[in-house]
Amino acid sequence: MNDLSIKFEKQGTLSTILKFSVPSSFGAIIGMLCVLTDRFFIGQVAGRAGMAAVALVFPYAMIINSFNFAFSGIAIIIGVKLGSNDRDGAEKILCTGFMWIIIVGFLLSIFLWSFNVPILRYLGASDSIIPFAKKYTSFLIPVAIFQMILGQSTLIRGIGDSVTAMGVNIFTGVLNVILDYIFILKFGMGIQGASLATFIATLLSALYVLYYFTKSDIINFSKKNCSLNLKILKEIFRIGSPRFYNQLLQSSVITVTNKQAGIYGGDIATAAIGIISICRSVMNTSLQGFNQGTAAIISYNFGSNNFKRVKDVLKIQLYTVVSVSFVLVVLMLTNTETIVSFFIKNDPTLVDFTVSSMRINLFLMPFTAIFLACNNFFQSIKENVIATRFFVARIIVLNIPLVYILGHFFQETGVWLAFPIADTTVAIVLFFLTLKKIKSLKS
């Protein structure tokens, strides 16, 4: 009996989930300190203009993350191969995947740097916001390649080392907090200091991830397995494409939302989005951290045809994410003013506007939790076509059209309502499809 079999199959289902998902969730939450700290310090030193710049630049981060998620297939494929005792095949995926990550990350940085100002204009940046946005992207763009490498810390969890994966996220978040304080408050670098802090923290953590896979005794880098094999890249992207498309589409939604909210509410609405998006990200990150932990277990057991284990894990996962999201929603909706005031200093008009907008935008987040859990399940068993279709339906068919339609009738209130209505609709449909799939699995 190999060590991975003991970790993924032979221990109790609940204890296995807790072993992988709790560190994953905790690490993800700590990692969110990176973003939270940026927003807090930016709100203190740059006020409404700074928050508006962050909101407009947010699609940059989502574009970078979309390519990060495109390579999330590495962890899933490796999990399935290790479940079927194919170590050599797993190492080929590892080496080839990282080579393509470095190439794609470099090309992405070049593209974003070359067209930075035109992209900012397209995203809706006004003349007063452009200087802030350019400063914030000065280090955000070069960090792309390192962010994509750091994203593979989920692979560390996928090979059974959940504690190290958590440690990487904690280190990134804590270091970012320290550097934010030094660069923004002590050195007076303002919004550019926040960007530099993120760059340094991400760079150091990414280098450690590379180092880890030179020493791992489960799978590691080897010259014989390093190639630019397009067939392997295609397989990786086929699995990671749902998350890739989702992030790209999400950046489109944010762009459309920014523009439409700006039309109906002006710069104050754009600044409000900067606060609302971070609160939504905190909730999503908490849930996705748990989902990432269960994904490794589901992939391994699916690869070894232990479908009962797969069903048990999914059941616990759904109960957990729905319960956690419900508690988080209640906490946010009952303490909205306190949360918003944390980011904004001496701007009561913006605080009042953001409080009412946030309550409308976030009140149905438990349905988002259901959607993310079910979609994570289909990706973990390599049924990426279903996952992709629902991501597309969520954004293209529902969210973006609703921003325009509801915005036309209800102005900014309609813009805030588009997201919860879209997520609730796809969550209900995908949940019943997941139940159907689960019933069809037979060991």
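The following dialogue discusses how to read several features of one predicted model.

Biologist: Let us begin with helices that lie against each other. At what angle do helix α16 and helix α18 pack?

Modeller: Packing of two helices is described by an angle and by a distance between axes. In this predicted model, helix α16 covers residues 348–362 and helix α18 covers residues 384–440. They pack at an angle of about 35°, and their axes are 8 Å apart.

Biologist: Which residues of α16 and α18 make the contact?

Modeller: From α16, the contact is made by Phe353, Ser357, Ile360 and Asn361. From α18, Glu412, Thr413, Trp416, Leu417, Phe419 and Pro420 take part. Sorted by class, the residues in this contact are 6 nonpolar, 3 polar and 1 charged.

Biologist: Helix α16 also contains Thr354. Is Thr354 buried or exposed?

Modeller: Burial is read from the relative accessible area, and a residue counts as buried under 20%. Thr354 has a relative accessibility of 0%, so Thr354 counts as buried. Leaving out residues up to four places away in sequence, Thr354 touches Ala272, Ile275, Ile276 and Val340.

Biologist: I should like to turn to aromatic rings. How many aromatic pairs are counted?

Modeller: The count is 17 aromatic pairs. One of them joins Phe67 and Phe244, with 5.2 Å from centre to centre and 70° between the planes. This pair is edge-to-face, because planes over 60 degrees apart are given that name.

Biologist: Why does the pair of Phe67 and Phe244 tie together parts that are apart in sequence?

Modeller: One must look at where each ring lies. Phe67 belongs to helix α3 (residues 33–70) and Phe244 to helix α12 (residues 230–265), so the pair ties together parts that are 177 residues apart in sequence. As for accessibility, Phe67 is partly exposed at 23%, whereas Phe244 is buried at 9%.

Biologist: How is the pair of Phe139 and Phe199 arranged?

Modeller: Phe139 and Phe199 form a tilted pair, with 6.0 Å between ring centres and 50° between the planes. This pair also links distant parts of the chain: Phe139 is in helix α7 (residues 130–140) and Phe199 is in helix α11 (residues 190–215), 60 residues apart. Phe139 is partly exposed at 24% relative accessibility, while Phe199 is buried at 18%.

Biologist: Which residues form one aromatic cluster?

Modeller: A cluster is read as a group of rings. Here one cluster is formed by Phe98, Tyr208, Tyr211, Tyr212, Phe213 and Phe221.

Biologist: May we return to helices α3 and α12? Which residues does Ser66 contact, apart from its neighbours within four places in sequence?

Modeller: Ser66 is in helix α3 and is buried, with 0% relative accessibility. Its contacts beyond those neighbours are Phe244, Gln247 and Leu248. A separation along the chain should be read together with a separation in space: Ser66 and Phe199 are 133 residues apart along the chain, and their C-alpha atoms are separated by 18 Å.

Biologist: Where does Phe237 lie, and which residues does Phe237 contact beyond four places in sequence?

Modeller: Phe237 lies in helix α12 and is partly exposed at 30% relative accessibility. Beyond its neighbours within four places, Phe237 is in contact with Ala70, Phe244 and Tyr245. Phe237 and Thr198 are 39 residues apart in sequence, and their C-alpha atoms are 27 Å apart.

Biologist: What charged end sits over the ring of Tyr122?

Modeller: Such a feature is read from the distance between a charged end and the centre of a ring. The charged end of Lys259 sits over the ring of Tyr122, 4.1 Å from its centre. Tyr122 is also touched by Thr255, as are Pro59 and Leu123, with residues up to four places away in sequence not counted. Thr255 is found in helix α12 and is buried at 8% relative accessibility. In another case, the charged end of Arg280 sits over the ring of Phe419, 4.6 Å from its centre.

Biologist: Finally, how many disulfides are found in the whole structure?

Modeller: The search finds 0 disulfides. Cysteines can still be described by their accessibility: Cys95 is buried at 1% relative accessible area, and Cys279 is buried at 3%.

Notes:
Residues are numbered from 1 along each chain as its sequence is written. This is a predicted model: local features need pLDDT of at least 70, side-chain atom pairs count only at pLDDT 80 or more; totals for chains, interfaces and linings use all residues. Side-chain values use heavy atoms; hydrogens and water are left out. Axes are lines fitted to C-alpha atoms, for helices over the stretch in contact, and angles run from 0 to 180 degrees between N-to-C directions. Helices (H or I, at least four residues) and strands (E, at least two) are DSSP runs, numbered from the N terminus. Contact means heavy atoms within 4.5 Å. Ala, Val, Leu, Ile, Met, Phe, Trp, Tyr, Cys and Pro count as nonpolar, Asp, Glu, Lys and Arg as charged, and the others, Gly among them, as polar. A disulfide is a pair of cysteine sulfur atoms within 2.5 Å. Buried means under 20% relative accessible area, exposed over 50%, partly exposed in between (1.4 Å probe, protein chains only). Rings of Phe, Tyr and Trp (its six-membered ring) pair if their centres lie within 6.5 Å; planes under 30 degrees apart count as stacked, over 60 as edge-to-face and the rest as tilted. A charge sits over a ring if NZ of Lys or CZ of Arg is within 6 Å of the ring centre and within 35 degrees of the ring normal.
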